[in-house]
Amino acid sequence: MEIFFGAFTSEWEQRRAALLHEMSSGGGGASAEEEMRKRLKQLAQLGAAGGGGGSGGASGGGGSASKGRGAPRAQARPATTVARPMEARLAAVAKGSQPAVVKMASYGGGARVGAMLNYVSRGGELKVENENGRILEGREELARVRGDWDHLFQNRAESRDIGSFSVDIAASGFASDEALHDQVRSTLTSGFGDRRYAYAIEKIEGGSVTVQGLVVLRSGQGERLTGDAKAADIIQGRYDASAAAGEVAAKFSFHGYGNGVEFGASRLRGLVDRPEDVRDDRGQSIANEKVAGDLVQKEWRGELHSRKSRDVMHVIMSARAGTDVAAFEGAVRDFLAHQFAGHRYVFAMHDQASDPKEAEEGGKRPHVHAHAIVAMKSDSGDRIETTPAVFREWRSVMAEKAREHGIEMEMTDRREFAAPPAFTRTQVRLVSREGRTEYVGTSEAAQARYDAKRGGRRMVAKSDRSQQYIIKAQESWQKVALAGGDRQVVTYAAQHREYLESGLSTAQAETSGTVIRADFGSNFRINLVTLQEMVLEGQELREMSRAEFETYEKKVETALFKLERSVSADDRADFDEIAGLARDFVNQKRELVDLYEQRKEALAEQGSEAPRSEPYDPANDERDAAVAKHGEAVVEAGNEAMIEIEHYREGLDRIEAGEFSAGRKDGMEAGLQQAMERAAQLAVEGNSYLRDVAEQDQDLRQAIERAERQAEAQDLQDDERADDDRPIEEKDKAPANVNAVADQRREVRGEPDRQPIDNETREAHELASTVDATNRLQDRLNRDKEAAQRSGETTRTDPAQQHIPRLEELEREQMEQRERDRDDRDR
């Protein structure tokens with residue numbers, strides 16, 4: 001008889017009918033009878049509660065007295081939370097609300113439940129609470145959870161994806177290492193067929209070769225080896241039947257197996273750590289851990305067809321440092337009860353005060369967070385879906401429950417902030433737990449993704465659906481900026497509106513698809529921020545070359561174009577007025593550039609002072625005095641160093657004022673320290689202009705003093721080593737004490753030559769000094785540029801790089817001036 005289970009309207013009736021049908025078909029016996037009694041007892045309790053999907057008995061308790069908070073919670077799942085409007089969410093974030101963070105850490109089979117619980121409870125030292133509000137304490141109660149949840153697990157074994165093998169090959173008398181490797185690969189391919197593998201020739205003794213390696217256990221035809229003695233016999237039989245067996249004898253054996261890319265990458269990196277030459281089945285060398293990771297991640301992954309049970313999932317909920325722990329615990333409890341009603345779960349809180357694990361071991365994190373282990377399957381047979389839409393719902397519910405407990409929290413979407421996508425656990429490996437946890441990417445692409453996320457790089461998704469969402473986010477940020485009375489809220493909203501605008505424009509320029517347009521309404525006031533920055537840039541630059549002015553003019557026109565594109569008809573008059581003022585300012589700058597060029601031409605022709613009619617500018621006088629005293633290239637190099645220092649100082653000031661995120665403070669402080677060290681090094685190497693500046697800058701003066709002490713210590717060590725290497729007669733000519741050595745160094749560094757120098761010699765020295773200082777600055781800028789490219793920064797955030805064309809022009813002008821002076825003397 002076939003049962004149509006849909007005829008029963010209640011879940012417990014369907015389950016009961018299914019069990020009865022299973023027993024009547026002859027597959028039950030005593031065990032099925034016992035299972036039926038157990039399930040009917042549970043389903044009867046569920047039926048009395050209205051057919052909900054919760055667990056019947058107290059989990060983990062076995063009927064013992066409850067230590068929890070009273071009766072179990074209602075198991076009926078509440079209605080889906082109504083999503084808050086985007087504008088309300090973004091306005092709250094602009095005012096300081098924290099984002100809701102709910103992360104899927106990992107999945108696991110039933111066999112891993114014990115290990116997961118041990119991690120969450122810190123070996124039983126932290127209290128763990130289950131779905132009924134019962135507190136589980138100690139290892140014994142935690143151990144019962146595995147048994148109570150066992151009927152919810154598939155208990156399916158993980159696939160064996162990669163095996164560890166060794167082969168003894170009777171081979172000798174090879175003409176070269178390449179011939180030996182060719183023979184090894186021929187032997188391995190004869191046994192493994194088309195499977196991918198990597199190997200190392202470990203040793204050669206008595207005319208035999210031992211090969212250690214890893215092999216993908218699944219072939220291209222779908223045959224999967226078990227990676228044990230049985231598999232070794234299969235491979236051995238295939239090799240013995242091949243033509244290669246007639247040339248050389250070989251003995252195959254397996255020593256272990258594992259599941260997934262992580263296992264393969266870890267074992268292959270371990271193989272690379274050995275001194276032997278490691279190669280793959282195609283003869284390519286695996287020189288380092290990065291190449292090993294790329295091989296498994298990029299080439300082997302698709303051939304594994306890895307399979308792993310997903311019986312439980314590990315979810316992490318976290319909040320900012322300083323969040324009330326008790327309130328957040330209540331929010332987590334309500335979130336889990338709402339979202340996973342009917343499922344078995346446990347959770348534990350981790351905060352800096354109660355975590356028994358030390359910081360260097362990964363504990364005592366500054367932010368409060370909770371770990372939850374949830375059974376994927378409920379007692380009624382429903383499984384949890386894990387899709388992007390579901391994860392979004394989780395964050396929305398978490399934020400709602402947090403607000404109910406007095407914590408300002410909102411669901412956020414990275415597309416609303418032009419934030420890069422998160423990196424996954426498989427894309428990185430841990431390198432340090434000191435301070436903020438640091439990782440390194442397992443591949444080049446993974447490293448780029450990690451750098452983008454940790455560096456806070458701005459980027460937008462390129463799909464049509466995401467770009468439509470970004471347009472809505474732009475509109476919401478605009479409304480927040482226009483409605484917000486607080487200056488910081490307006491600034492925050494305008495800044496993120498510009499992030500989206502810039503990212504969207506870049507994405508559309510990079511793709512050839514349809515350009516998405518939208519009416520952003522009266523948003524020209526927001527875009528004025530960009531235009532204002534362009535104009536201020538023109539005010540800050542005291543003097544521009546023709547090329548720099550043309551670049552500046554293009555940037556202003558681009559800002560005006562963006563502004564005009566979003567202007568409504570009502571705001572057209574305002575835009576025309578603003579555009580006219582901006583272009584008038586650009587024209588004034590053009591006139592100044594013409595005057596500067598005329599001044600240079602007059603100086604070149606007459607060799608005299610600047611025309612008296614030029615407007616008086618104290619800054620010009622100071623610069624001219626500095627150039628006359630130190631030389632133009634020296635002053636320019638010093639100015640470049642000071643611009644870099646002031647860039648980081650201004651960034652720190654804006655962080656203190658709340659305009660920038662506090663998370664950037666460490667990077668700014670590190671950048672300021674490096675800029676100070678570079679400026680101090682220039683001063684020690686002979687930049688007298690920076691020494692004058694240091695008279696008014698205490699931090700720079702201290703940095704120069706430190707650099708001098710380090711240089712003197714290094715020179716003294718060099719002299720001592722050189723003194724040990726010199727012949728005895730030369731040692732006798734050396735200064736008698738350390739003070740004499742220091743005096744000689746001071747003479748070389750600071751004192752002028754006492755012998756008369758003719759004009760040509762002096763000019764040659766000045767030219768050499770100028771070129772040397774310029775070359776040093778150019779080398780430093782090149783190093784900074786390479787470092788910025790590696791870290792993903794753009795030249796827009798590096799003032800020193802913006803002046804490289806100016807530096808080259810100064811050097812060229814200096815050389816031309818020297819040549820003209822020399823021609824005048826010859827005439």
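In this predicted model, the charged end of Arg310 is placed over the ring of Tyr107, at 3.8 Å from the ring centre. A second arrangement of this kind involves Arg122, which lies over the face of Tyr119 at a distance of 5.3 Å from the centre of that ring.

Turning from charges over rings to rings beside rings, the structure contains 13 aromatic pairs. One of them joins Phe192 and Tyr197, whose ring centres are 5.9 Å apart and whose planes meet at 55°, an arrangement that is classed as tilted. Phe192 has a relative accessibility of 1% and therefore counts as buried, since the cut-off for that class is under 20%. Tyr197 likewise counts as buried, because its relative accessibility is 1%.

Another of the pairs brings together Phe423 and Tyr450, this one edge-to-face, with 5.0 Å from centre to centre and 70° between the planes. The contact links distant parts of the chain, 27 residues apart: Phe423 belongs to the loop between strand E13 (409–410) and strand E14 (428–432), whereas Tyr450 lies in helix H12 (residues 444–454). Because the relative accessibility of Tyr450 is 4%, this helix residue also counts as buried.

Phe192 and Tyr197 can finally be placed in a wider setting, as both belong to one aromatic cluster that they form with Phe165, Tyr199, Tyr239 and Phe252. Within this cluster, the tilted contact between Phe192 and Tyr197 is thus made by two rings that each count as buried at 1% relative accessibility.

Notes
Residues are numbered from 1 along each chain as its sequence is written. This is a predicted model: local features need pLDDT of at least 70, side-chain atom pairs count only at pLDDT 80 or more; totals for chains, interfaces and linings use all residues. Side-chain values use heavy atoms; hydrogens and water are left out. Rings of Phe, Tyr and Trp (its six-membered ring) pair if their centres lie within 6.5 Å; planes under 30 degrees apart count as stacked, over 60 as edge-to-face and the rest as tilted. Buried means under 20% relative accessible area, exposed over 50%, partly exposed in between (1.4 Å probe, protein chains only). Helices (H or I, at least four residues) and strands (E, at least two) are DSSP runs, numbered from the N terminus. A charge sits over a ring if NZ of Lys or CZ of Arg is within 6 Å of the ring centre and within 35 degrees of the ring normal.
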